[in-house]
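Please open the model in a viewer and keep the selection panel at hand. The tour below proceeds by selection, and each stop states what is to be found there.

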Amino acid sequence: MTTMLTSKQENEQAAFARFARSMGLESVWLSVSSQPEPEPDLLCVHARDGAIAFELVSLTDPIIAQVQAAGPKARQDTFSTSDPSERIIRNKLQKKYTTSAKRIELLVYTDGQIITPDDAIVPTIRPWLDATTHPFSCVWFMGERTTCRLWSAS
């Protein structure tokens, strides 16, 4: 029996597939499956390292998301926005997860709903990775132009 994925789960799996492709690591992931809360978003089986849980977070400016969701009815006037990266990352780093996987990694990604460029996002969020105790063994970033490891516990 196949379980229907929610839109959020489909987006997360698509983001992970883009991440694996951009890192040239598509073939090392034997399986990727969505998980219910309080587990991390994805349980992935790596060919060499076994089960690794991934929590995903999209850096999304709520004003831009609202305008995009409105489609043709979107506002036509100019509007101001600000970088939500720090707030989003700080919230994600405070969460607790339950998983049978031996480690949890975080994939931070942009998905066209933030105006802030990669070279401004990375220095904004990187300091919080060392300053905060969090459950992640590794933190990855996938932006418009950059895909890299931002932080590792080892």
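Begin with helix α4 and select its buried residues: these are D118, I121, V122, I125 and L129. The model is a predicted one, and the stops that follow should be read accordingly. Next, display what lies over these side chains. The cover of the buried residues of α4 includes strand β3, helix α3 (85-93) and the strands β4 (104-110), β5 (138-142) and β6 (147-152).

Remain on α4 and select its two terminal C-alpha atoms. Helix α4 comprises the 14 residues 118-131, and at 1.5 Å a residue the expected span is 20 Å; the end C-alpha atoms are 21 Å apart, which agrees.

Now select A120, which also belongs to helix α4. Is A120 buried or partly exposed? With a relative accessible area of 29%, A120 is partly exposed, because the class of partly exposed residues runs between the limits of 20% and 50%. Add D83 to the selection: 37 residues separate A120 and D83 along the chain, and their C-alpha atoms are 9.1 Å apart.

Keep D83 and select D61 in place of A120. D61 is located in the loop between β3 and α2 (62-70). Its relative accessible area is 2%, so D61 is buried. The C-alpha atoms of D61 and D83 are separated by 7.1 Å, with the two positions 22 residues apart along the chain.

**The whole chain**

Clear the selection and colour the model by secondary structure. The protein contains four helices and six strands, and along the sequence they follow the pattern α-β-β-β-α-α-β-α-β-β. Of the 154 residues in the protein, 39% are buried. How much of the contact set comes from residues 24 or more positions apart? Such residues account for 62% of the contacts with a separation of 6 or more.

**The aromatic residues**

Select the aromatic side chains. Across the whole structure, a search finds seven aromatic pairs. One of them joins F16 and F54 in an edge-to-face arrangement, with 4.9 Å from centre to centre and 65° between the planes. Which parts of the chain does this pair link? F16 is in helix α1 (residues 7-22) and F54 is in strand β3 (residues 50-59), so the pair links distant parts of the chain, 38 residues apart. F16 counts as buried at 3% relative accessibility, and F54 counts as buried at 0%.

Add W29 to the selection. W29 and F54 form another edge-to-face pair, at 5.6 Å centre to centre and with 80° between the planes. Because W29 lies in strand β1 (residues 29-34) and F54 in strand β3, this pair ties together parts that are 25 residues apart in sequence. Both W29 and F54 are buried. To complete the view, add F19 and W140: together with F16, W29 and F54 they form one aromatic cluster.

**The two pockets**

Switch to a surface representation and locate the largest pocket, which holds about 580 Å³ of space. Its lining consists of 24 residues, and K8, E12, D41, L56 and K92 are the closest to the centre. The elements that contribute two or more residues to this lining are α1, β3 and α3. Colour the lining by class: six of its residues are nonpolar, eight are polar and ten are charged.

Move to the second largest pocket, where about 240 Å³ of space is found. Which of its 17 lining residues lie nearest the centre? They are D49, I52, R103, E105 and W140; of these, W140 has already appeared as a member of the aromatic cluster. Strands β3, β5 and β6 each supply at least two residues of the lining. By class, the lining of the second largest pocket divides into eight nonpolar, four polar and five charged residues.

**A last stop in the backbone**

Finally, return to a stick view of the main chain and select E37 and P38. The peptide bond from E37 to P38 is cis, with omega near 15°. P38 has its place in the loop between β1 and β2 (42-46).

Key. Residues numbered from 1 in each chain as written. Predicted model: local features only at pLDDT ≥ 70, side-chain atom pairs only at ≥ 80, totals over all residues. Heavy atoms only, no water. Phe/Tyr/Trp six-rings, centres within 6.5 Å; stacked < 30°, edge-to-face > 60°. Buried < 20%, exposed > 50% of the residue type's maximum accessible area, 1.4 Å probe, protein only. Expected span 1.5 Å × (residues − 1). Contact = heavy atoms within 4.5 Å. 1 Å grid on protein atoms, 1.4 Å probe; cavity = no way out; pocket = protein on both sides within 12 Å on 5 of 7 lines; lining within 4 Å. Points joined across faces, edges and corners; volume = space filled by probe spheres on them. Nonpolar A, V, L, I, M, F, W, Y, C, P; charged D, E, K, R; others polar.
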